[in-house]
Amino acid sequence: MSKSKYNDQQATYQDLYDKLKSMRFSGMAEELRLQQADPNQDAYDFIDRLSKLVNAEWDLRYNKKFMRMLRQSHIIITEASFDESLYDPERQLDRTLVETICRCDWIETGKNLLLTGMTGTGKSYFASALGIAVLKKLRTVRYCKASKLLTELTALRQSEEYRKLTQTMETLSKIELLIIDDFGLMDLDIEKCRYLFEILDSREGRLSTIVVSQIPVKDWYDLFHDHTYADACLDRLVYNAYRIEFKGESLRKKTP
């Protein structure tokens, strides 16, 4: 290649790079820079090089969106993932059921998932891993502690911040996967019963909810002060839901 042609090619690369950056196609711009620096670039055909450019932009935008949605989800255990520890014999989990849950296809049909077991057996970690798996599908997820959520909703009503209360309830009715952790560690007075019912009722049959609790499902009825709300809430939560009970010793005891 003549020096003149080489200089023209470099000028073209720079012009394309500047335009891509100006249009905020940063992934494509970076890939173009890498291709420009690759002495073997001519060995690749047009489709290969174009594919790398498009995929670089796609990956950059996907990762940015995923990280933004992860922050908005309020998931605490952001490093949670599925691993072989799920099948520790002490946990006595049904491998087939767990693998079904991990595929997250049930989110499409609005089914619920109830995770129970003693403190430290990995319930919250597993729920977080599921939340992250759903986020990777670019579906919305919200993680919250039951007591904090219901207390905040009650406080908004008592302070007459009705607009914020309405906005919060509308948001909860649209989140594609709602994770409610530590269910049962609060006093379910009539106000909290009502808000829990409204949340579940707005999501029934459309959107999935994961409930995490140290208390067995059979004892949930007694958590409610008002038995009418108990029937209504549990009917919406328990019917047609997957259930997993985590057994074994606390994993925290095994942490050095």
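## Inside the fold: a buried strand, two cores and some charged pairs

Strand β2 (residues 141-145) runs parallel to β3, and the two pair over 5 bridges. Keep in mind that this is a predicted model. Strand β3 is a good place to start, since 5 of its 5 residues are buried and the rest of the structure largely encloses it. From there we can look at the nonpolar cores, then at the salt bridges, and finally at a buried glutamate without one.

**Strand β3 and its partners**

- On the β2 side, K145 sits opposite D181 of β3.
- β3 also pairs with strand β4 (residues 208-213), again in the parallel sense, this time over 4 bridges.
- In that pairing, I179 has I210 of β4 as its bridge partner.
- To get from β3 to β4 the chain passes through α8, and this β-α-β crossover is right-handed.
- As a rule, side chains in a regular strand alternate between the two faces of the sheet.
- Here both faces of β3 are covered: L177, I179 and D181 are buried on one side, and L178 and I180 are buried on the other.

**The nonpolar cores**

- Nonpolar side chains in soluble globular proteins tend to be buried together.
- The largest nonpolar core has 32 residues, and the members that touch the most others are L114, L153, F183, L188, W220 and F224.
- Elements giving two or more residues to this core are α6 (146-158), α7 (162-172), β3 (177-181), α8 (190-203) and α9 (227-238).
- A separate core holds 31 residues, including F66, L86, C102 and L115.
- Back in the largest core, what does L114 touch once its neighbours within four places in sequence are left aside? Its contacts are V211, V217, W220, L237, V238, A241, Y242, R243 and I244.

**Salt bridges**

- The model has 14 salt bridges by the rule used here.
- E108 and R139 form one of them through their side chains, at 3.1 Å from N to O.
- This pair links distant parts of the chain, 31 residues apart: E108 is in the loop between α4 (95-103) and β1 (113-117), while R139 is in the loop between α5 (123-135) and β2.
- R139 also meets E176 in a salt bridge, at 3.4 Å from N to O.
- E176 lies in the loop between α7 and β3 and R139 in the loop between α5 and β2, so this second pair ties together parts that are 37 residues apart in sequence.
- Is R139 buried or exposed? Neither, quite: its relative accessibility is 24%, so R139 counts as partly exposed.
- E176 is partly exposed too, with a relative accessible area of 22%.
- K218 and D219 make another salt bridge, at 3.5 Å from N to O.
- K218 counts as exposed because its relative accessibility is 67%, whereas D219 is partly exposed with a relative accessible area of 29%.
- Through shared partners, salt bridges join E108, R139 and E176 into one network.

**A buried glutamate without a salt bridge**

- E31 belongs to helix α2 (residues 26-37).
- Which side chain of opposite charge is nearest to E31? That is K52, 5.2 Å away, and E31 is buried yet has no salt bridge. A salt bridge needs the nitrogen within 4 Å of a carboxyl oxygen, so a gap of 5.2 Å does not qualify.
- Not counting residues up to four places away in sequence, E31 touches K52, L53 and A56.

Conventions
Residues are numbered from 1 along each chain as its sequence is written. This is a predicted model: local features need pLDDT of at least 70, side-chain atom pairs count only at pLDDT 80 or more; totals for chains, interfaces and linings use all residues. Side-chain values use heavy atoms; hydrogens and water are left out. A nonpolar core is a set of buried Ala, Val, Leu, Ile, Met, Phe, Trp, Tyr and Cys residues joined through side-chain atoms within 4.5 Å. Buried means under 20% relative accessible area, exposed over 50%, partly exposed in between (1.4 Å probe, protein chains only). Contact means heavy atoms within 4.5 Å. Two strands pair if DSSP finds at least two bridges between them. A crossover is right-handed if, with the strands pointing away from the viewer, the path from the first strand over the helix to the second runs clockwise. Lys and Arg count as positive and Asp and Glu as negative; His and the chain ends are not counted.
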